[in-house]
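Me: Please take a close look at the cross-links between side chains in this protein. I would like one connected account.

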Amino acid sequence: MSRTSRRALLLAVPAAILLALAPSTASAYPDPGTVTGSTVVHDPTMIRTSAGRYLLYATGGGLAYRTSTDRIAFSSGSDAFTTKPSWWSTYATEAWAPDISYRGGKYLLYYAVSTFGSNKSAIGLAGSSTGLPGSWSDYGIVYTSTSAGDYNAIDPNLFVDDDGKWWLSFGSWWTGIKMIRIDPSTGKQYSGDTTRYSLAYRPTGTKAVEASYVVKRNGYYYLFASYDTCCAGTSSTYKVKVGRATGVTGPYYDKSGVAMTNNGGTAVLETHGSVIGPGGQSIMNDSDGDLIVYHYYDGNDSGTPKLGINLLNWSTGWPVAY
């Protein structure tokens, strides 16, 4: 059966049947869809232009770039920034975990600048009319955290609600995932609401939750996040979990009713076979449905981080990767 036919079949599966198909063990998770070419990435974010070209940015250097015309064959190009903004040097020498979107006739790229294991971090913002490497104008710092604080300003994701309000989720370890309101006119924090909301936290055991991504589907807000250990090759224990809420700032609960501020989260992707530690995810709506775009560590290639792409089915009210 062709991939297109399989997608169409699964999208038509009744909710009750799909519930039975939902993964109950790690071995039941789907392998990534076929991608070829330049697929070594970390923390990927992807968008499709009006001309049908996929633009992908990822962690590393001045934000690594990949592109494709068919979502299968990817090639590399120059980094987003040919010259790194001077303010980065206060925090680190390279950028992490970008988030690309298209708003008001312009591509926006939120990203983090930090060093591994530190919460002396900053979220930056850049804009471009084309989204291509070398075209980005940096708008400077959006939000920061310091070593004296209890949160970490990394892994940003912009969400725009149906009422036109902009929100930025972010965070890692420490006290978990946070959210602030954003002013659409500047792309920076909205002065009329400076609350730092808490979306997800692990009050006991490991504090490892990061890489948030928020979408709204069928009247619910869904918060995706990466849990456990990243960046350790074949020893990575990363996994993607999700919760949902009736309001963008929460509270978010998993399928069992456990709050995401109390270790909650329903698994979407976990380690299976040679696909180790999937995470660093973003969600993208494409012509054939929603995609989860992520990295994993390839157990057949010495733990090299690779690009993973799967479709999501929402028939049960919860995202199921296939």
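Reply: What follows goes through the salt bridges and then the disulfide, with the burial of the residues involved. The model is predicted.

The salt bridges come to a count of 10. One of them pairs the side chains of Arg71 and Asp286, with an N to O distance of 2.7 Å. Arg71 sits in the loop between β4 (64–68) and β5 (73–76), while Asp286 belongs to strand β19 (residues 275–286), so this contact ties together parts that are 215 residues apart in sequence. Both partners, Arg71 and Asp286, are buried. The pair also belongs to a wider arrangement: Arg48, Arg71, Asp286 and Asp288 are linked in a network of salt bridges.

Another salt bridge is formed by the side chains of Asp161 and Lys216, at 3.9 Å from N to O. Here Asp161 is in the loop between β10 (157–160) and β11 (166–170), and Lys216 is in strand β15 (residues 209–217), so the parts that this pair ties together are 55 residues apart in sequence. The 3.9 Å distance counts because the cut-off for a salt bridge is within 4 Å. The two partners fall into separate burial classes. Asp161 has a relative accessibility of 10% and counts as buried, because buried means under 20%. Lys216, with a relative accessible area of 24%, is partly exposed.

Lys306 and Asp301 make a further salt bridge, their closest N and O atoms being 3.2 Å apart. In this pair the lysine is the buried partner: Lys306 has a relative accessibility of 15%. Asp301 is partly exposed, at a relative accessible area of 32%.

Turning to the covalent link, the count is 1 disulfide. Cys230 is joined to Cys231, with an S to S distance of 2.2 Å. The pair is accepted because the sulfur atoms lie within 2.5 Å. As for the handedness of the link, the torsion about the S-S bond of Cys230 and Cys231 is about 65 degrees, which means that the disulfide is right-handed. Burial again separates the partners. Cys230 is buried, with a relative accessible area of 11%, whereas Cys231 is partly exposed at 40%.

To put the pairs side by side: Arg71 and Asp286 are both buried. In the second bridge Asp161 is buried and Lys216 partly exposed; in the third Lys306 is buried and Asp301 partly exposed. The disulfide likewise has a buried residue, Cys230, and a partly exposed one, Cys231.

Note on methods. Residues are numbered from 1 along each chain as its sequence is written. This is a predicted model: local features need pLDDT of at least 70, side-chain atom pairs count only at pLDDT 80 or more; totals for chains, interfaces and linings use all residues. Side-chain values use heavy atoms; hydrogens and water are left out. Buried means under 20% relative accessible area, exposed over 50%, partly exposed in between (1.4 Å probe, protein chains only). Helices (H or I, at least four residues) and strands (E, at least two) are DSSP runs, numbered from the N terminus.
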